[in-house]
Structures are given as structure tokens and as C-alpha cells.
Amino acid sequence: MAHGTLRTPAGEEKKHRIGRRGFIASALGGLSVAFTLPETGRVLGLKAAQGPDPGTLANAYVHIGTDGSITLMFGGAEMGQGIKTGLAQILAEELMVDWEQVTVQQSPVNPTVSYLTGGSTAVSGRYNNLRTAGAAARELLIQAAMTATGDRDRNHYSAAHAVVTYTGPNGGPQSWPYGSLAARAASEAVPADLRLTAPANFRIIGKPVPRVDTPSKVDGSAKFGIDTWFPDMVFAAIRHAPAIGGTLAGTPAKPEGAIAVVPCKASDNRGSVKAGSINAVAVVASNTWLAKKLADKLSVKWNPPPSPASVDSAQIAAQAASLLAGGAALVAEPAAPAGQTPAGYASVIEPQVANALGTPALDATYTLPFLSHATMEVMSCSVRLTWADSSKTLVTRCEIWAPTQAANWVAGTAAALINAGQATPISPSAIEVTTTYLGGGLGRKIEQDYISQAIQVALAVKLPVKLTWMREEDFSHDNYRPTAAVRVQATLGGGGVTAWWLRNVSQSILGQRGWLPPGAVDSQAVEGAVHLPYTMGIRLTEWVPLPAGIPVGFWRSVGSSINTFAVECAIDELAQHAGADPFAFRQNLLSDPRHIAVLQAADQMSLWRLSLPKGHAWGLAMSEWNGTIVCQVAEISQPAAGSLTVHRVACALDCGQAINPDQVAAQMEGGIVHGLNAALWGQVTFTAGKADQKNYSRYRMIRVKEMPQVTVQLVPSGNPPSGIGEAAVPPIAPALANAYSRLRGSRVRSLPFFPGATMGGL
Amino acid sequence: MITLNVNGKTVQANVTDKDTPLLWVLRDVLGLTGTKYGCGIEVCGACTVLIDGQREHSCVFDVGSAIGKQIVTIEGLSPAGTQNHPVQQAWIRNQVPQCGYCQPGMIMACVAGMKAGHHGSELLSEMKHLCVCGTYQRIRDTVANL
């Protein structure tokens, strides 16, 4: 066990400090360095909204075994973003080993420690702490070599390829594999001057190394949550109330062939069970298909939702339109001066902005629909309980396998459900959560509904169980990307924008979870509409909460997927009004050199736009998401009414230090697809709480032959890494709309472009 | 109990209803979880397997009809100790997968096409599977050279 507090180069103290809790004893033997992989960006914002952060406890550690094995243990989620590879690269860089020598393993979950994976922070948010941990482990190994030679001059030692080499006078040149030093290193102290590798000398960070998880993902051996399987397990299918907000009116009888029928209580977003609110029944059988078939046939009576209008798309849209015109607004930006409530501040600043707007050049309303996450892997969770007694009344161990973005919340969900049924609480350490691979997360798998149901079923049937949602349940009971109506008014003058007013009406993701103080603006609702890079005369950004009853959640790029559409379409419309080139118009409004560099890179990447064939047009949009600046130029044509062909997309970005450029490109390619699906066809509508789209057949997505040619160019800035998982999504919809305007001379201000699209079979 | 031939081996599956889709027999009864459930209605392709060398969507292929036929799943494409199939090698070379969930189905469809003598653009035109991560560009680049 190593002791001590690290000191780091002057000026970087705060970033590179590992506290006393940074070191833990390990039963594994060898050297362990524990540390906290912090949460930044959106995740940090969420944590702040929920109160004290338990994440100061270590949630990851590096272990160097006496056999030379190097393992990074962490509790986050690999959902396609390449986290295991990216983290291995970062650690290997500072530890002075080859990146293939690092194994990344899922760590056991401590429910008091946070493992949230979201907000594109999986790799970027962990950069500094992971580098520091790698450097600390390296120096401890070198200290161990110093103890062996008796020579404490650091200049006589070097580390490379997991070997410490000594070139000093005591006994001549010597070298030690890390494994042979690991045991001794554990009793050394971390040196005061912990140096990190200068970016110019990076060997592994910034290199397009192949992903460590690829082989298992092409041979079928990668285990997703839905793949959890053991011979004695039973299988559950879920059937929710058909309408959102509906409840069970009476427990149905167990059909022949079923093992059990289990009414399931609804849970809130942190897994707490809502008293009395049973919104689903699970049917348990010997395989998932049988369970589903029996669930389909089950004769169930449901109570309708208490307020059908609040879960009906047409009614919600009408309410949004009404609030857009006259709802009480909260000021998101500029922030209210001290002593003024945000609501009261609106009445002060609105007249000033209205005066500056005069007769605005632009007065446009943009509307966006509810969206489903539609992750390829449906919701699934497996639970195996162990009891103290043969009558199975006291649960003493709970094993959970789940595709989850919030493993510690899963542990909390389990503790709450188990302890509600027994006088002696289960030990927190007896709840073992295994985070499997996620067949897509996209923000959906932070939720606890499917986890809670699986635990409730396991407690009821007292057998190991896997619960799987059918696709129809997934579409009908998501936590949807909120619908929104956004109005922008703006006035032109002097080649720029003299006044700008944006009002967003949308449901509050944080408010629905009880994470938003009364009167506060939901940061998720207005992101992408505030902190704009454009210099304008006077600007007001407002939010009006929409009190609808559809469950809403975090959908890849969250509020930016809404507001960037409105802002970047509005900017383009203003450029048209001004008769200006959209590149030049934006550049004139920008002052930040990073934004300008990205815009100019996109300009140079898309010179093809100057010689497009007849019937083709191009459109541009840019956005900043969590520190990453993206600018996209799309080329489209419309060979037939009711569809668009997207030929190519040029994508320039500044994401700071890229850990793995090939994976940055992959996230841009994939994010563009995600945004295209949503812009062209994505829409979930509700009729009195019932989703009208229940499978991919009514939720069209592009197929391989429709994939545009995407080119990606990184614009170096010297900044530390920023998130790449979501940044490609927001600009593509406005880029398409701006291209469409140039192609057809008319504007699409309401998404999707083609509502009601269907998708045929293979 | 029914008898199936899966990945070259004869196996017994405890299934009473022969209408059960092969997908759920593979996954829940035999524990072969590489074949994925995505939509259940033949739209996404995640459940693709080979039956007597033909590409089939196991989510709608009843297990009774598979009796006596050669079933190959992703697990049987390159059994442990053997070299990866050329399609798998190409997939790794081009770093195709992100989350990876749809990829076994994609690969099996591609293998079926190649077995039928299809290559390049012909093969590509058959690749209609859904990938929500959006790995299409790399799939296109990979399949175009097979």
C-alpha cells in the first residue's frame, strides 16, 4: 500500500492532485493506485442538481500484478464510444507501457460511488486523472527500483515498455520488468514532482490504434446485457399499460404454461418505487418467446391515464403553441441580476429587447417532435438472488447484470427494493452489479425502469431471471427526447445582428425528476441556445416549461438537438435576408479563434460546393457542444418528392487533444447518421398516451445505401480533450434545412422533414 | 425435446412449441447469444443466421422448420482455435463496430451473400440491416472490397 498526497508541477496542482483516498490496499497483491474518474459537463451538472456528490471516493484503479499484468478497473459503460481503448491509451502513455499491455476490466460497483457514463465525458472527462494515476504508478515502480539499487537519483532511471532501466553507477546497468517491482512499489511513496508527458512527446495518445473490443464484437462473444445467460434461469417479458400514465386495474390470473405473473410497480428515475402505481405486468416462462406470447394473450384491465390530454401529442402541441405566444417565461440568458427572480426579470428585460427588435427581419417558429432512443439492444436486465434461509425470505446476495449507464444507481435501486421487503437490510457489498456491454446507450440506459422491474420479478419468483422488453414496449415506454417549440426574432444592422430573442417551450427533463429548484431554468432545455459564439447587439433567451405528462429523458446531445436546429436555421435565414454568404455572415459574428478556425476548415473542406451539379444544393451549420466545436456542410438533392438524398457531409471539428482520431471520426460518422435519422423521419406521436410508432417499421432510419460520404477533419487547438460522443448530432439537421432552403426556395422549420415515413422489411 | 444441428453439432433443445422462433431457441434454450433480437419483424436484421447456407431471419423462422437443417450462427463462423472468416477479418481491419450489437447479423448476411457468389456492389445492395450507431460508412467501405 502506498501512502501520501501527490504534488504536481506548479500551476497544475488542482488538475493533477490525487488525494489521500487515492491509494487503497489491494487484496490482489502487487501495486494498486486508486483514483476518481471525475464527471464533467452534463454529468457534473446533473450531480450538482441532485446534491452532494459521492464521487470523491475512488471509482477506478490501476493494478500492476506481480505477474506483470496491467489492469485498469473502472465501472463505466462501453456503449460504442470506444472507452476501453481510449482509457487504455491514456494510461499506457503515462505508465510507459505499450497500449496493448493494458487490460480494461469492469470494476465491482460500490453504490456510494458514482459511475455515470453520459454527456460525452467517458474519455475526455477522465483524461487528467487517468494520466496522473498512470504517472503515479510509474514513479512508484521507479521508486522501488531505487530502493533496490540504493541510488535515489531519478535521472539514472527510465521506464519504457513496462521495464524500468537503471544506468547509474551502483552495480552497473540493470533492468526490471514492472511485475518484479510491483510488490515493493506498493510500499513506496509517490514522489513530490510528478511529471506528465508533454503532448509533443505522446507515443500513444493521438494515435488511431485499433479498438480492444472489436474482435469480440465480430465473433459473437461480446456479452451485452441481453446476453446474460445461465442454465437455470427463467425468462420474463413485460407488458406495460398501453397508455402512458395508465395503471393496472386488477391482477390477471396466471395462464397455463407460465411460471408466474408479476405486477410491477413503476419506478422514478432513480429506482424508487412509486407507491401504489403498478403500470406493468411481467410474465415469467421457460423462454422469452413463450413469456411474450403469454403476455400478449393475457386478459388485463388497465385504468386510463388520469389526464389523457397531457399525454396526447396534438394537445401538447396546442399547449406549446399557446405558451409560445403568452406563457410566463424564465430568463435563461442574460442571467438575472442579484435580487431579481428569473421570472420577474423577464418583465424587466423583455421590453428592452422588444424595443431593440423593432420590426424584426426574422420571426420564425421551429418545432421538433418527441424522439425515441431506439437502441438496437432493447431494455434487459438479469438478476440472481441468494437467500439466507430455505424458505427464501431473507435476501443476502443480489447479483445484477445490466446494460446500464449508471451502475451505482442500479445498486441503489436493488437495495431499496430488497430492503422494502425485509427487516434486516442487505449489506451494500452484497449487491453486485456487472455492467455489460451496452447495445447502444444514447442516454436511455441511465434510467431505472427495466432494472427495477427485473428485481421485482426476481423477488417475486425467487428464481434467477432475465427480463427483456419487446421492441414494441421499448418504443411505447421510453424516456423520450422532449418535443419543443422555439421562436426566434432577430433584427439586422451593420452587417450583423443587432437584437435577438429566442423563446423555447419544452418539458423539463430535470424538473420531471425533481432535480430542478422551483423557478430555476432547466439547463438541459436551453443548452445550445445559451452561450452562443455569435456577437449580437442585445440578446434574450427564455424558457417556458411545458407541463406535459410524457416521460422525457436524455437523448444524445439532449437540448442541443433542439436549440441548435433553431439557432443555426435562424442564423442562415438572417444571412439570406442580408444577402450574405452563410460562411461570411457567421464569420462576421464570430470572435473566438477556435470557432473561426473550424468554420474556415469546413469552408476549405467543402469547396466542392462551388461546382455542384444542377439540382444539388449545400447547407451549413455549426455548434459547440461541451467544448467541442463542429461545423458541417451537407450536399443534398431531391430526386423525388417526399425524400431527400444526402450525398456528402464535410465535418470539421476541434475536440482538443484527440485520444484516438479514428474513433473521433467514427463518432462523427455515427453522430451524423443519428442526426439524419431524426431530421428526416424521427418522430414519436401519442394518441391519448399510446405511442403511434411501435417498431422500426414506423420509425424510419437510413440504411447503408443511403449513407452520405462523410469526411472528417480535426482542427488542432492544443486544448485538452473534449467530448465527441454527441457533438456531431446537433448541426446536421439545420445543415439539411439550410441546404433545402437553397434547393427549393422554401424553409423547413418543423421536423421531421417527412413525418409518417415507414420502413419495409429486409 | 427437439434435435437440431447447430454449428456442425447435433444438440437437443427443450422446446415444446415448434412455432417458437429459432432466435429464442438459440438464445434462451441453447445459450447461443451471439444472434441478437432487434425488432422481431424482419426489419433490422440483427437475428440473421445461415440455414443450409441461406440467409434467414431467425426472429421469424420457426424452429420446427429448422429441424434437419444445418444452422450456422456467428459463434460457428470461426470456431475457437480457427482463423477468423475473411468477412470478420475485413471488419476488424476497417474497425467497423461501435456498440457492436448489430454486427453479428451484418456479418452473417455478408457471409451468405458471398456464399451465393456475390461481391462488391452486388453484396452491398443486399446489406439493408439497421445500425443505430451509424457504422454504415465503414460497412460500405468494407463490403465494397469483398
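**Exercise 1. A charged pair in chain A**

Are A:R138 and A:E139 buried or exposed? State also how their side chains are joined, and to which wider group they belong.

*Solution.* We work on a predicted model, and we begin with accessibility: A:R138 is buried, and A:E139 is buried as well. Next we look at the side chains, which meet in a salt bridge with a distance of 2.9 Å from N to O. As general background, side chains of opposite charge can pair when their charged atoms come close.

A second salt bridge in chain A joins the side chains of A:E333 and A:R539, at 3.7 Å from N to O. Because A:E333 lies in strand β13 and A:R539 in strand β21 of chain A, this pair ties together parts that are 206 residues apart in sequence. A:E333 has a relative accessibility of 14% and therefore counts as buried, the cut-off being under 20%. A:R539, at 19% relative accessibility, counts as buried too. Finally, returning to the first pair, we find that salt bridges with shared partners join A:R138 and A:E139 with A:E94, A:R131 and A:R154 into one network.

**Exercise 2. One face of a helix**

Which residues of helix α4 of chain A are buried, and why can they be said to line one face of the helix?

*Solution.* The first step is to list the buried residues of α4(A), which spans residues 178-185: they are A:Y178, A:G179, A:L181, A:A182 and A:A185. The second step is to look down the helix axis, where these buried residues fall within an arc of 155°, so they line one face of the helix. For the setting, chain A has 18 helices and 27 strands, and buried residues make up 61% of its 762 residues.

**Exercise 3. The surroundings of B:Y101**

Where in chain B does B:Y101 lie, and which residues does B:Y101 touch?

*Solution.* We first place B:Y101 in the loop between α3 (86-93) and α4 (103-115) of chain B. We then check its accessibility, and because its relative accessible area is 0%, B:Y101 is buried. Leaving out residues up to four places away in sequence, B:Y101 touches A:F224, A:I226, A:M376, A:E377 and A:G439 of chain A, together with B:K36 and B:Y37 of chain B. With B:Y37 there is a further detail, since a polar atom of the side chain of B:Y101 lies 2.7 Å from the backbone oxygen of B:Y37.

The other neighbour in chain B, B:K36, forms a salt bridge with A:D227, and their closest N and O atoms are 2.4 Å apart. This pair crosses between chains, from the loop between α1 and β3 of chain B to the loop between α5 and β8 of chain A. B:K36 counts as buried because its relative accessibility is 1%, and A:D227 counts as buried at 3%.

**Exercise 4. The interface as a whole**

How many residues does each chain give to the contact, and how many salt bridges cross the interface?

*Solution.* We count the residues first: 60 come from chain A and 52 from chain B. Together the two chains bury about 4,700 Å², and 59% of this lies on carbon and sulfur atoms. On the side of chain A, A:M376, A:V704 and A:L762 supply 19% of the area buried against chain B, more than any other three residues. Turning to charged pairs, we find five salt bridges across the interface, and one between A:E669 and B:R138 has a distance of 3.0 Å from N to O. Among the elements of chain A, α17(A) gives the largest share of the side that touches chain B, namely nine residues. By type, that side divides into 29 nonpolar, 17 polar and 14 charged residues.

How values were computed: Residues are numbered from 1 along each chain as its sequence is written. Chains are lettered from A and ligands numbered from 1 in the order in which they are written. This is a predicted model: local features need pLDDT of at least 70, side-chain atom pairs count only at pLDDT 80 or more; totals for chains, interfaces and linings use all residues. Side-chain values use heavy atoms; hydrogens and water are left out. Helices (H or I, at least four residues) and strands (E, at least two) are DSSP runs, numbered from the N terminus. Buried means under 20% relative accessible area, exposed over 50%, partly exposed in between (1.4 Å probe, protein chains only). Contact means heavy atoms within 4.5 Å. A polar contact is a pair of N or O atoms within 3.5 Å; within protein, one must be able to donate a hydrogen and the other to accept it, and residues adjacent in sequence count only if both atoms are side-chain atoms. Buried area is the accessible area (1.4 Å probe) that two parts lose on being put together, summed over both. A salt bridge is a side-chain nitrogen of Lys or Arg within 4 Å of a carboxyl oxygen of Asp or Glu. Ala, Val, Leu, Ile, Met, Phe, Trp, Tyr, Cys and Pro count as nonpolar, Asp, Glu, Lys and Arg as charged, and the others, Gly among them, as polar. The arc is that of the directions from the helix axis to the C-beta atoms.
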